[in-house]
Amino acid sequence: MLLKQLLKDLTYTLVQGDLNVEVTDIYYDSRKVTPGGLFVCIVGTQRDSHDYAADVAGKGAAVLAIQHDLPAEVLAAIPQVTVVKFQSTRYALALLSTAYFGRPAREMTMVGVTGTKGKTTTTHMIKAVLEAAGHKVGMIGTNGVYYPGRHYDLNNTTPESYELQKILRQMADAGCDTCVMEVSSQGLMMDRVAGIHYQVGVFTNLYPDHIAPGEHSSFEEYRSWKGELFKRCNVGIVNADDPNTDALLEGHTCELVRYGIDAQQADYRAGKEYRLLRTREMLGVEFTLTEPDGTSMEIQVGMPGLFSIYNALATIGVAKVLGLHDDAIHEGLKKAVVKGRVELVPISSKFTILIDYAHNEAAAESLMETLKAYHPHRMVVVFGCGGNRSRLRRYGMGEVCAKMADFCILTEDNNRFEKVEDIIADIKVGMEKGNPDAKYVEIPDRLDALHYAIDHAQEGDLIAVIGKGHEAYRDREGVKTPFLERELIEEYAAEKGIS
């Protein structure tokens, strides 16, 4: 593609060279540049890739995109290279990539979900409802990329703009008519989603998070960047109960649809009374939905807890805006599953076993509060803590599990380069603080721990296997080997004839 075609939607200054040069690909990693490529120089927190301008020119780069001036001697040494200057090369990378891949977002209905918690679950729910309505859906987020026939992991919740546009191109080419994606505050701040307009934006909730060097300088800045999504969408589906919603929406340009439980002005509202559902196939909730016209209907969600009601309400808002039928809403919300997030493994009618990614004190406490509402015979938790990570997390996990579980099975969780026995010793320090009389057993091998939990399950037990969730590996001494807990649990149940 010609450079001048890529520059159509950008403001720039031509420093030297010819805009009619052919561009073979776009790069922002100097190690990957090939002849004919356009290299975008990014000013990062650790390094400034303008310093590699001469190197990439030596590799055959045809174009350099710069944000600040290059030394005169560098320009003089690369007269064959076209150099174009932008106010922000991160923004330029996004729009250049958008053009290079043929603006794929315009070929699909784009749904973006932002918030501190619930993004992953909500995107899965929306995907399930859309698919129940017959749509072909792509999904991007914490659990990776999904579209028909493909699934692979990502390094970031919202990928860098070049990778994001490449993924969107793949989805459109695969026939997807809708893309549902998590939109992180970093993705908005770093222009990863620049050039994308969303038909629907969703806000789940907001808590202090990602406030650190290299992320956000304050909670207010974090909130402000979350709010940017609602200047880039047609309709915003927002949580009326969250105290940060009004501030987050400051300057919004979209139509608003509100959902909630407490707020009377919510367009889609759940009653404060809800029912818990526990069967072999489901650990969920049921609630009464009131719509804007005052009509009501019963909704079942195949995931437990109050947060599942909020995520379901957000999903319903999206479905209504997109004109989906109620049958699709019912079917999708019942069947929606998030790998590794309160994921039921239905192997027995005698007890309930599930896996979850909870790997810190707050997440473990929230999960067990949700599960204990189902009044299990025993709350059993299988957990460990990661090696070469903060020992404070181990103390915290030990303390909260000792307080809230009836029985703990202490085991490994990606011990990396530490001895699992040393990690368990730290967990036990926290357990002593939480409940000196806590009942537990130590089983260092995680597979043995899973087998023990199943072998010793009692009628009515609820067994939570936490920490790894969707991870498909076990990390010992830096060596990762296959370890997908859901499959291992199912295989052992089949071997033992459990039903």
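What radius of gyration would a compact globule of 499 residues have, and what does the protein chain have?

## Overall build

A compact globule with 499 residues would come out near 23 Å, and the protein chain has 25 Å, which agrees. Keep in mind that this is a predicted model. Along the principal axes, the C-alpha atoms fill a box of roughly 75 × 60 × 40 Å.

The protein chain has 16 helices and 25 strands, and 55% of its residues count as buried. Take the contacts with a separation of 6 or more: 65% of them come from residues 24 or more positions apart. As for the outside, about 21,300 Å² is exposed, with carbon and sulfur atoms supplying 47% of it.

## The five-strand sheet

One open sheet runs in the order β1-β5-β4-β3-β2, and its pairing is mixed. β1 (13-16) and β2 (26-27) sit at the edges with a single partner strand each, so one side of each has no neighbour in the sheet.

Further in, β4 (residues 63-66) and β5 (residues 82-85) pair in the parallel sense over four bridges. Leu-64, for one, has Val-83 in β5 as its bridge partner.

## A look at helix α13

Helix α13 covers residues 391-404, and its 14 residues should span 20 Å at 1.5 Å a residue; the end C-alpha atoms are indeed 20 Å apart. At the N-terminal end, Ser-390 acts as the cap, with a side-chain oxygen 3.1 Å from the backbone nitrogen of Leu-392.

Buried residues of α13 include Arg-394, Glu-399, Val-400 and Cys-401. Among the elements covering the buried residues are α12 (361-372), β20 (379-383) and α14 (420-434).

Technical notes: Residues numbered from 1 in each chain as written. Predicted model: local features only at pLDDT ≥ 70, side-chain atom pairs only at ≥ 80, totals over all residues. Heavy atoms only, no water. Helix = DSSP H or I, 4+ residues; strand = E, 2+ residues; numbered from the N terminus. Expected span 1.5 Å × (residues − 1). Buried < 20%, exposed > 50% of the residue type's maximum accessible area, 1.4 Å probe, protein only. Contact = heavy atoms within 4.5 Å. Polar contact = N/O pair within 3.5 Å; in protein donor to acceptor, adjacent residues only side chain to side chain. Pairing = 2+ DSSP bridges. Rg over C-alpha atoms; globule rule 2.2 N^0.38 Å. Areas by Shrake-Rupley, 256 points an atom, 1.4 Å probe, with all protein chains shown as cover.
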